[in-house]
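Here are some exercises to work through with the structure open beside you. Try each task yourself, then follow the solution step by step.

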Amino acid sequence: MSISRLGALSVDVADLPAWQHLLVDLLGLQTQPRANENDPLLIRIDDHRYRIALHPATEDRIRAITWEVDSPEELRTLADRVRAEGIDVEWAPEADPESRNAVASFRFLDADGFPNEICFGPTIDHEPLRPGGVISGFVTGELGLGHVVLMCRKYPEAVDFYTRVLGFELSDYIVWNGADATFLHCNPRHHSLALMNECFDFNGGDFNHLMIEVASLDDVGRAYDRINAAGIDLKMTFGRHTNDGVTSFYLSTPSGFGIEIGYGGDLVEDGWVVKTYRSPSRWGHEPQKAGRQ
């Protein structure tokens with residue numbers, strides 16, 4: 001029994017208009033209607049009701065990293081495993097079927113304070129996405145939303161928890177310039193989760209980035225041009241990774257963490273061999289801001 005895929009990311013945000021400008025005005029992503037200004041801004045990229053939820057707040061913080069499982073039995077088993085680690089588990093109260101985001105779910109905080117949510121039966125939207133926009137489509141489905149990278153105070157213990165308790169499997173490692181990263185998969189996507197030690201001015205409990213995979217390399221290029229033209233800060237420039245082969249760039253969000261927009265990720269298949277890489281990128285991915293030479 002293990003996690004099946006990354007489902008969604010929910011964030012408390014202090015500057016919702018800036019987020020809306022970034023994701024909707026610049027990247028052309030679709031939103032769900034809001035009844036009032038206190039409602040979250042729900043971002044759609046596929047048939048899920050939402051993949052990114054932005055909640056108006058007074059300060060920025062990760063609200064929930066949502067993982068999906070494929071059966072109620074798996075949900076109960078994982079809840080028991082987490083509870084056996086001495087971690088408090090909070091089941092979501094039963095909601096009206098027309099308003100709930102999943103059939104059932106529970107939440108817990110890991111050792112670094114990351115708010116994890118595990119759910120069964122996420123809500124699907126029957127309305128098709130509107131065509132057009134900067135990005136033609138996204139790679140989701142059974143592979144899930146993409147991946148998240150988390151910074152850990154007790155890095156080996158974090159790797160042990162996510163593999164032994166939640167069932168993630170090892171993809172590979174990258175070790176460079178004092179950084180140590182473990183990449184974990186729960187389906188054929190190269191990694192849905194990466195865990196890192198404290199490095200590069202990041203502390204344990206810091207959310208590094210969310211990666212979303214687009215349908216074509218041209219989608220990455222168009223998004224890159226649009227972000228640069230708008231003067232949005234970059235976390236890293238255009239480049240290609242060593243371990244998963246993704247060609248991508250990283251933009252800086254109004255909440256401070258990064259979003260990686262990439263294409264061409266490798267799949268973990270039979271015969272996969274775990275390797276250790278000495279650099280995260282084959283080329284590019286220079287840390288800098290938009291427009292800096």
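## Exercises on a predicted model

A first fact to warm up with: strand S10 (residues 169-176) and S11 run antiparallel and are joined by 7 bridges. Keep in mind that this is a predicted model.

**Exercise 1. Find the strands that pair with S10, and say which residues stand opposite Ile174.**

Solution.
- Step 1: Start with S11, which is antiparallel to S10. Here the bridge partner of Ile174 is Ala181.
- Step 2: Look at the turn of this hairpin. There are 2 residues between the strands, and Asn177 takes a positive phi near 45°.
- Step 3: Now turn to strand S17 (residues 276-277), which pairs with S10 in the parallel sense over 2 bridges. In S17, Tyr277 stands opposite Ile174.

**Exercise 2. Locate Asn187, decide whether it is buried or exposed, and list what its side chain reaches.**

Solution.
- Step 1: Follow the chain from strand S11 (179-185) towards strand S12 (193-196); Asn187 sits in the loop between them.
- Step 2: Asn187 has a relative accessible area of 11%. Buried means under 20%, so Asn187 is buried.
- Step 3: Check the polar atoms. The side chain of Asn187 reaches the backbone oxygen of Leu143 at 3.5 Å, and a polar atom of that side chain lies 2.8 Å from the backbone nitrogen of Arg189.
- Step 4: Add the contacts, leaving aside neighbours within four places in sequence: Asn187 is in contact with Ser4, Arg5, Glu142, Leu143 and Ser192.

**Exercise 3. Describe the surroundings of Gly264.**

Solution.
- Step 1: Gly264 is found in the loop between strand S16 (258-263) and S17.
- Step 2: Its relative accessibility is 28%, so Gly264 counts as partly exposed.
- Step 3: Not counting residues up to four places away in sequence, Gly264 touches Glu213, Asp244, Gly245 and Val246.
- Step 4: For a comparison across the chain, take Val24. It is 240 residues from Gly264 in sequence, and the two are 24 Å apart in space, C-alpha to C-alpha.

**Exercise 4. Count the aromatic pairs, then examine the pair of Tyr224 and Phe238.**

Solution.
- Step 1: The structure holds 12 aromatic pairs.
- Step 2: Tyr224 and Phe238 form a tilted pair, with 5.5 Å centre to centre and 40° between the planes.
- Step 3: Tyr224 belongs to helix H4 (residues 217-229) and Phe238 to strand S14 (residues 234-241), so this pair ties together parts that are 14 residues apart in sequence.
- Step 4: Compare accessibility. Tyr224, at 19%, counts as buried, whereas Phe238, at 25%, counts as partly exposed.
- Step 5: Look for a group of rings elsewhere. Ring pairs link Trp67, Trp91, Phe106, Phe108, Phe161, Tyr162 and Phe168 into a cluster.

**Exercise 5. Trace the open sheet of 8 strands and find its edges.**

Solution.
- Step 1: Read across the sheet in the order S2-S3-S4-S1-S5-S8-S7-S6; the pairing is mixed.
- Step 2: At the edges stand strand S2 (30-31) and strand S6 (90-91). Each has a single partner strand, so one side of each is left without a neighbour in the sheet.
- Step 3: Zoom in on one pairing. Strand S7 (residues 102-109) and strand S8 (residues 115-122) pair in the antiparallel sense over 7 bridges, and the bridge partner of Ala104 in S8 is Phe120.

Notes. Residues are numbered from 1 along each chain as its sequence is written. This is a predicted model: local features need pLDDT of at least 70, side-chain atom pairs count only at pLDDT 80 or more; totals for chains, interfaces and linings use all residues. Side-chain values use heavy atoms; hydrogens and water are left out. Helices (H or I, at least four residues) and strands (E, at least two) are DSSP runs, numbered from the N terminus. Buried means under 20% relative accessible area, exposed over 50%, partly exposed in between (1.4 Å probe, protein chains only). A polar contact is a pair of N or O atoms within 3.5 Å; within protein, one must be able to donate a hydrogen and the other to accept it, and residues adjacent in sequence count only if both atoms are side-chain atoms. Contact means heavy atoms within 4.5 Å. Two strands pair if DSSP finds at least two bridges between them. Rings of Phe, Tyr and Trp (its six-membered ring) pair if their centres lie within 6.5 Å; planes under 30 degrees apart count as stacked, over 60 as edge-to-face and the rest as tilted.
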